[in-house]
Amino acid sequence: MADRPALSLDEALELRLDSPPYDDSHRAWQESLRRFLEAEIAPHAAEWDEAGAVPAEAHRACAAFGLTGLGYPEAYGGWSEGVDILHHVITSLEWGRLGAGGVTTALSTHAIGLPPLLAGGSDALKARVVPGVISGEAIIGLAVTEPGAGSDVAGLATRAEAVDDGFVVNGEKTYISGGLRADYLTVAVRTGDAGAGGISLLLMDMRAPGVSRTELPKQGWWASDTASIHFDGARVPADHLIGPLHGGFPLIMRNFNTERLSMSAIAIGASRRCLADALAWARERRTFGRRLADHQVIRHKLMDMYRQIAAAQAWLEQVAGRLRDGAPVAADIALLKVQASQLMEFCAREASQILGGASYIRGTAVERIYREVRVVAIGGGSEEILKDLAARQAGV
């Protein structure tokens with residue numbers, strides 16, 4: 001019998017696309033994407049995090065590779081033939097494996113800013129804006145959260161009053177990813193009465209008079225700026241309305257499902273990175289005359305991390321497959337994100353315990369991931385909000 005263990009943790013740590021629902025296109029995408037990220041992004045992750053910004057060249061590199069255009073219409077410079085939700089899940093898993101959430105976010109705000117525009121914008125508006133975003137020359141983000149309204153989207157107060165040639169916007173958005181550097185924001189505004197039925201979406205040109213921005217220093221995601229956006233009589237042309245007047249709420253809700261699925265996959269990918277780094281350290285570091293990995297308590301930590309990662313991965317794939325088939329999965333996506341964010345928190349803590357002082361030194365993946373746990377647990381819907389959402393969907 002060979003000496004090779006029945007379960008190789010090194011193999012288990014890899015994202016193995018060797019069973020349904022994956023096909024050759026998914027495997028090819030994962031392989032090429034990983035090569036790109038390891039060659040073009042990973043070597044600079046710590047540098048960009050410390051600098052607090054990702055250079056414009058990185059946006060253009062992602063666009064040239066095809067990452068920015070994944071799943072978007074060919075007419076605007078994207079590529080969508082043969083692309084399904086699993087290609088996007090693989091992308092998020094690989095971003096998570098990078099262990100640099102700020103870099104990921106800085107290069108991915110189009111993933112939440114573009115879909116509403118493509119779903120509800122006029123052909124002329126899309127033709128003016130979308131190609132520049134997909135080519136990496138322009139940045140777009142999404143602005144929903146306000147000082148007084150977060151997950152309670154129906155309670156937002158930023159007001160857009162209709163005038164002859166468009167809208168005049170007054171109010172404030174906050175915690176907006178990429179808001180400081182964005183060229184455009186897809187902005188949720190109140191155009192009608194209170195509640196979900198009075199909300200519209202506008203595409204805001206961030207160079208418009210009456211728009212100002214304030215940077216918000218934060219705990220993690222340093223490479224991606226976060227901002228408060230102030231609208232003081234900002235004018236928006238009538239043709240920048242996305243979808244029907246007072247019809248923005250469904251577009252926002254549809255966007256949330258894909259955002260939460262992506263954040264779940266990123267959290268699972270980051271958990272894999274924590275386990276991989278902890279395993280490598282445990283094999284090399286020696287204490288009391290033995291490898292760390294030879295201590296039972298450390299082996300148990302590693303197996304607990306792997307056990308929970310494998311379970312979350314299976315749930316992720318199940319939910320993604322059901323979403324691809326058109327099944328109603330909002331409750332499952334909500335609970336999956338809760339599971340994934342708590343998994344990330346657990347793995348970041350356990351990896352930090354195994355690495356000890358090395359995990360506290362800036363520039364390491366585990367240190368970055370530990371700083372980024374809270375934003376994953378809160379962003380896109382907090383754990384508490386999502387559990388309550390799932391309960392309501394389940395008829396509790």
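# Strand pairings, helix crossings and a few single residues

Valine 169 sits across from alanine 234, the latter being in β7. That pair belongs to a predicted model, so treat everything below as a reading of that prediction.

**Strands**

Let's stay with those two strands for a moment. β3 covers residues 166-177 and β7 covers residues 226-237, and the two are paired antiparallel through 10 bridges. β3 also has a partner in β2 (residues 159-163), again antiparallel, with 5 bridges. How many residues lie between β2 and β3 in their hairpin? There are 2 residues between the two strands. If you want a spot to look at in this pairing, try alanine 162, which faces phenylalanine 167 in β3.

β3 has a residue with an unusual label too. Tyrosine 175 belongs to this strand, and its phi is positive, about 60°, even though the residue is not a glycine. Its side of the story on accessibility is in the table further down.

Over at β1 (residues 140-143), the side chains split into two directions: Ile140 and Leu142 point one way, Gly141 and Ala143 the other, and all of them are buried. β1 and β4 (residues 184-190) run parallel, joined by 4 bridges. In that pairing, glycine 141 stands across from leucine 185 of β4.

**Helix crossings**

On to the helices. Two packed helices are described by the angle between their axes and by the distance between those axes. Three pairs are worth a look.

Take α2 (residues 24-41) and α4 (residues 56-65): their axes come within 11 Å and cross at roughly 160°. Because that angle is over 145 degrees, α2 counts as roughly antiparallel to α4. The crossing is right-handed. On the α2 side the contact involves Trp29, Ser32, Leu33, Phe36 and Ile41, and on the α4 side Ala61, Cys62 and Phe65. Sorted by class, that makes 7 nonpolar residues, 1 polar and no charged ones.

Next come α7 (residues 110-120) and α9 (residues 248-284), with axes that come within 10 Å and cross at roughly 140°. Are α7 and α9 oblique or roughly antiparallel? They are oblique, because roughly antiparallel needs an angle over 145 degrees. This crossing is right-handed as well. Ile112, Pro115, Pro116 and Ala119 of α7 touch Leu251, Arg254, Asn255 and Glu259 of α9. The class count here is 5 nonpolar, 1 polar and 2 charged.

Finally, α11 (residues 330-355) and α12 (residues 365-378) have axes that come within 9 Å and cross at roughly 160°. So α11 is roughly antiparallel to α12. In this pair the crossing is left-handed. The α11 side of the contact includes Lys337, Ser341, Met344 and Glu345, and the α12 side includes Val366, Ile369, Tyr370 and Glu372. Across the whole contact of α11 with α12, the tally is 11 nonpolar, 2 polar and 5 charged residues.

**Single residues**

Here is how four individual residues come out on accessibility.

| Residue | Relative accessible area | Class |
|---|---|---|
| Histidine 59 | 14% | buried |
| Alanine 56 | 38% | partly exposed |
| Tyrosine 175 | 60% | exposed |
| Histidine 246 | 33% | partly exposed |

Histidine 59 is located in helix α4. At 14% histidine 59 falls under the 20% limit, which means that it counts as buried. What does histidine 59 contact, leaving aside its neighbours within four places in sequence? The list is Val54, Thr68, Ala106, Leu107, Gly136 and Ile139.

Alanine 56 is in helix α4 too. At 38%, alanine 56 lies between the 20% and 50% limits, so it is labelled partly exposed. From alanine 56 to leucine 251 the C-alpha to C-alpha distance is 29 Å, with a sequence separation of 195 residues. You may remember Leu251 from the α9 side of the contact with α7.

Tyrosine 175, at 60%, is over the 50% limit and is therefore exposed. Histidine 246 is another non-glycine residue with a positive phi, here about 65°. You'll find histidine 246 in the loop between β8 (241-242) and α9. With a relative accessible area of 33%, histidine 246 is partly exposed.

Terms used. Residues are numbered from 1 along each chain as its sequence is written. This is a predicted model: local features need pLDDT of at least 70, side-chain atom pairs count only at pLDDT 80 or more; totals for chains, interfaces and linings use all residues. Side-chain values use heavy atoms; hydrogens and water are left out. Two strands pair if DSSP finds at least two bridges between them. Axes are lines fitted to C-alpha atoms, for helices over the stretch in contact, and angles run from 0 to 180 degrees between N-to-C directions. Angles under 35 degrees count as roughly parallel, over 145 as roughly antiparallel, 65 to 115 as roughly perpendicular and the rest as oblique. A crossing is left-handed if the near helix is turned anticlockwise from the far one by less than a right angle, and right-handed if clockwise. Contact means heavy atoms within 4.5 Å. Ala, Val, Leu, Ile, Met, Phe, Trp, Tyr, Cys and Pro count as nonpolar, Asp, Glu, Lys and Arg as charged, and the others, Gly among them, as polar. Buried means under 20% relative accessible area, exposed over 50%, partly exposed in between (1.4 Å probe, protein chains only).
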